[in-house]
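Notebook open, model loaded. I wanted a quick walk through this chain before going back to the bench.

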Amino acid sequence: MIKGFKDFILQGNVVDLAVAVVIGTAFAAVINALVESVLMPLISALVGSPDFDSFAVVSLNGNELLFGVLLTQIVNFLLIAAAIYFVVVVPMNKIIEARKRRLGIEDEEEVEPNTQLLTEIRDLLQQQATR
């Protein structure tokens, strides 16, 4: 039983997952700082408020429905998604594309499995016909 646990812990994918979680947590702090310290103050300068919490408050039988809080979280989500896209995804795609050009690697087009199978059958039939 101990040997099985040891094998499980020492597998590469467990260690990779642990590293990914740690790096992801650290990177989340960077993205949150970007959103909270740069992007939200920009929105605050344009709109006049750093959040929409007091926007669209509806009272219903003595209970307040805070639609503005939901709106603030949606805006935060969109800002985080935009920050990740423009700060991480776009530059990484450009780096990968430049590396492929430098190494002379061309993107292979995705071939449907049925087309791939038919191509293999055709090639095998051609090989048999030439024998």
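Which residues does I43 touch, not counting residues up to four places away in sequence? I found G48, S49, F52, V75 and L79 on its list, with contact meaning heavy atoms within 4.5 Å.

Ground rules, noted early. This is a predicted model, where local features need pLDDT of at least 70, side-chain atom pairs count only at pLDDT 80 or more, and totals for chains, interfaces and linings use all residues. Residues are numbered from 1 along each chain as its sequence is written, and side-chain values use heavy atoms, with hydrogens and water left out.

**Entry: the core**

I looked up where I43 belongs. I43 is part of the largest nonpolar core, together with I31, V35, M40, F52, V75, L79 and A83, eight residues in total. Helix 2 (12-47) and helix 3 (67-103) are the elements that give two or more residues to this core. Helix 2 is the top contributor, with four. For the record, a nonpolar core here is a set of buried Ala, Val, Leu, Ile, Met, Phe, Trp, Tyr and Cys residues joined through side-chain atoms within 4.5 Å. Buried means under 20% relative accessible area, exposed means over 50%, and partly exposed is in between (1.4 Å probe, protein chains only).

**Entry: overall layout**

I counted four helices and two strands, running α-α-β-β-α-α from the N terminus on. Both kinds are DSSP runs numbered from the N terminus: helices are H or I with at least four residues, strands are E with at least two.

Next I checked the dimensions. The C-alpha atoms fill a box of roughly 85 × 45 × 40 Å along the principal axes. The radius of gyration is 26 Å, while a compact globule of 131 residues would be near 14 Å. That radius is taken over C-alpha atoms, and the globule rule is 2.2 Å times the number of residues to the power 0.38.

Just 8% of the 131 residues count as buried. Of the contacts with a separation of 6 or more, 34% come from residues 24 or more positions apart.

**Entry: surface and charge**

The chain exposes about 11100 Å², and carbon and sulfur atoms supply 65% of that. The areas are Shrake-Rupley values with a 1.4 Å probe. I tallied 9 positive and 15 negative side chains, and the centres of the two sets lie 14 Å apart. Lys and Arg count as positive, Asp and Glu as negative, and His and the chain ends are not counted. Each charge is placed at NZ of Lys, CZ of Arg, CG of Asp or CD of Glu.

**Entry: single residues**

Is T72 buried or exposed? T72 has a relative accessible area of 7%, so T72 counts as buried. T72 sits in helix 3 and touches D51, F52 and D53, not counting residues up to four places away in sequence.

In helix 2 I picked two residues. N13 lies there and is exposed at 52% relative accessible area. The C-alpha atoms of N13 and F86 are separated by 28 Å, with their positions 73 residues apart along the chain. A28 is also found in helix 2, partly exposed at 33% relative accessibility. A28 and I84 are 56 residues apart in sequence and 9.6 Å apart in space, C-alpha to C-alpha.

Last, N61, in the loop between strand 1 (57-60) and strand 2 (63-66). N61 has a positive phi of about 55 degrees although it is not a glycine. Most residues other than glycine have a negative phi. N61 is exposed, with 77% relative accessible area.
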